[in-house]
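Please look through this model with me. My notes are short and follow the structure.

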Amino acid sequence: MSFNKRPPANCLAILGTGSDVGKNVVVTALCRIFSNLGIGVAPFKGQNMSNNSFVTLHGGKMGRTRVVQAEAARVPLQMDMNPVLLKPCVDFAILEGVMGLFDGASGGGPGSSAHFAKLLQIAVLLVVDAHACSRSAGAIALGCEQYDPQIRKVGVIFNRVAGHEHFRELHEAVMERCSTEVLGWLPKRTELRLPGCQLGLVSVLEQGLSSGYLEVLTSTIRNHVRITRLIGLAGSIPQDEYSLHGATERKARIGVARDGAFCFYYEDNLRLLVEACAEIVPFSLLEGSSLPVNPDGWPLFRRWISWGVCHTPGG
């Protein structure tokens, strides 16, 4: 495996104080605004804690909100956008955090969005849900700022704000005690919520956003958030491109069931196997096609058949 350095890409992590505070909406709006400004942008998220999934044309499965954000950024869907590999060549990468910024195996430790942002020294924009609170939001921002001072928190945005007077109180509360800049706010409007379904899978035919949604969302963000300042505060990190090469002989034959029942595969995983000189042998369980002839690891074939994949390392 070789590692090739690409030019640094500007990077901004959108992290929140918890789930459902508005991270998805902010990322979606920024993707479309940056795209409108001529900036090549792509959304990323390491893991989706949801049953809401989207099935791509190639049978891959990724988070529903990543599909919406890719549509907003005007970039094609790539499975890399869910596991954060930072491989697509873009000018600006916007990463969405999972749950609250310090939620992980332990507070701020491995597995948390904060830990990931600290390792890569990514600029962090904090999203705080200001619904049903005012000056207490300042204490929340201060706590996040001081919990781990090594994290580059460059700004805060308040979501579900009642109006200008409410935002004034929030702004004052943060500026009195915090060094983090207040970059703006989103009004409390039901039409700003991302459309979605209640659990289950979303097919490729259902990926479109409602007419005018992105226009309303981006217009609202432009009117309430200091976009130019936000872009200026974002830092840059190098993009690593991983490639597998060197071996030329086929190392394994891997039988993969590909039909209407077995279609949820990460396409990049299969691509990497091919690059590592494995041969992918597709077959269908529904159409009664014959099983792969002598695939490597045949003794364990029956054990793996229920998962749609048959393979034993080594062969």
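The points below go from the whole chain to aromatic pairs and a surface patch.

1. Status and make-up. This is a predicted model. The chain holds nine helices and 13 strands.

2. Burial and surface. Of the 315 residues in the chain, 49% are buried. The accessible surface comes to about 15,600 Å². Carbon and sulfur atoms contribute 55% of that surface.

3. Contact range. Take the contacts in the chain with a separation of 6 or more: 78% of them join residues 24 or more positions apart.

4. Aromatic pairs. How many aromatic pairs does a search of the whole structure find? The search finds three. Two are described here, beginning with Phe102 and Tyr147. Their ring centres are 4.4 Å apart and their planes lie at 50°. The pair is therefore tilted, because the stacked class needs planes under 30 degrees apart and the edge-to-face class needs over 60.

5. What the tilted pair connects. Phe102 sits in the loop between β5 (92-100) and α3. Tyr147 belongs to helix α4 (residues 136-147). The two parts are 45 residues apart in sequence, so the pair ties them together.

6. Burial in the tilted pair. Are Phe102 and Tyr147 buried or exposed? Phe102 has 13% relative accessibility, so it counts as buried. Tyr147 has 53%, so it counts as exposed. The cut-offs behind these labels are under 20% for buried and over 50% for exposed.

7. The stacked pair. Phe167 and Trp185 have ring centres 5.6 Å apart. Their planes are at 20°, so this pair is stacked. Phe167 lies in helix α5 (residues 164-177), and Trp185 lies in strand β8 (residues 181-187). The pair links distant parts of the chain, with the two positions 18 residues apart in numbering.

8. Burial in the stacked pair. Phe167 counts as buried because its relative accessibility is 17%. Trp185 is also buried, at a relative accessible area of 6%. Both values fall under the 20% limit.

9. Surface patch. Which residues form a nonpolar patch on the surface? They are Phe116, Leu119 and Leu120. Together they have about 270 Å² of accessible area. Phe116 is placed in helix α3 (residues 113-120). Its relative accessibility is 32%, so Phe116 counts as partly exposed. That value is over the 30% required of a patch residue.

Key
Residues numbered from 1 in each chain as written. Predicted model: local features only at pLDDT ≥ 70, side-chain atom pairs only at ≥ 80, totals over all residues. Heavy atoms only, no water. Patch = residues over 30% accessible without salt bridge, like charges linked within 9 Å, V, L, I, M, F, W, Y side chains within 5 Å. Areas by Shrake-Rupley, 256 points an atom, 1.4 Å probe, with all protein chains shown as cover. Salt bridge = Lys/Arg side-chain N within 4 Å of Asp/Glu carboxyl O. Helix = DSSP H or I, 4+ residues; strand = E, 2+ residues; numbered from the N terminus. Buried < 20%, exposed > 50% of the residue type's maximum accessible area, 1.4 Å probe, protein only. Phe/Tyr/Trp six-rings, centres within 6.5 Å; stacked < 30°, edge-to-face > 60°. Contact = heavy atoms within 4.5 Å.
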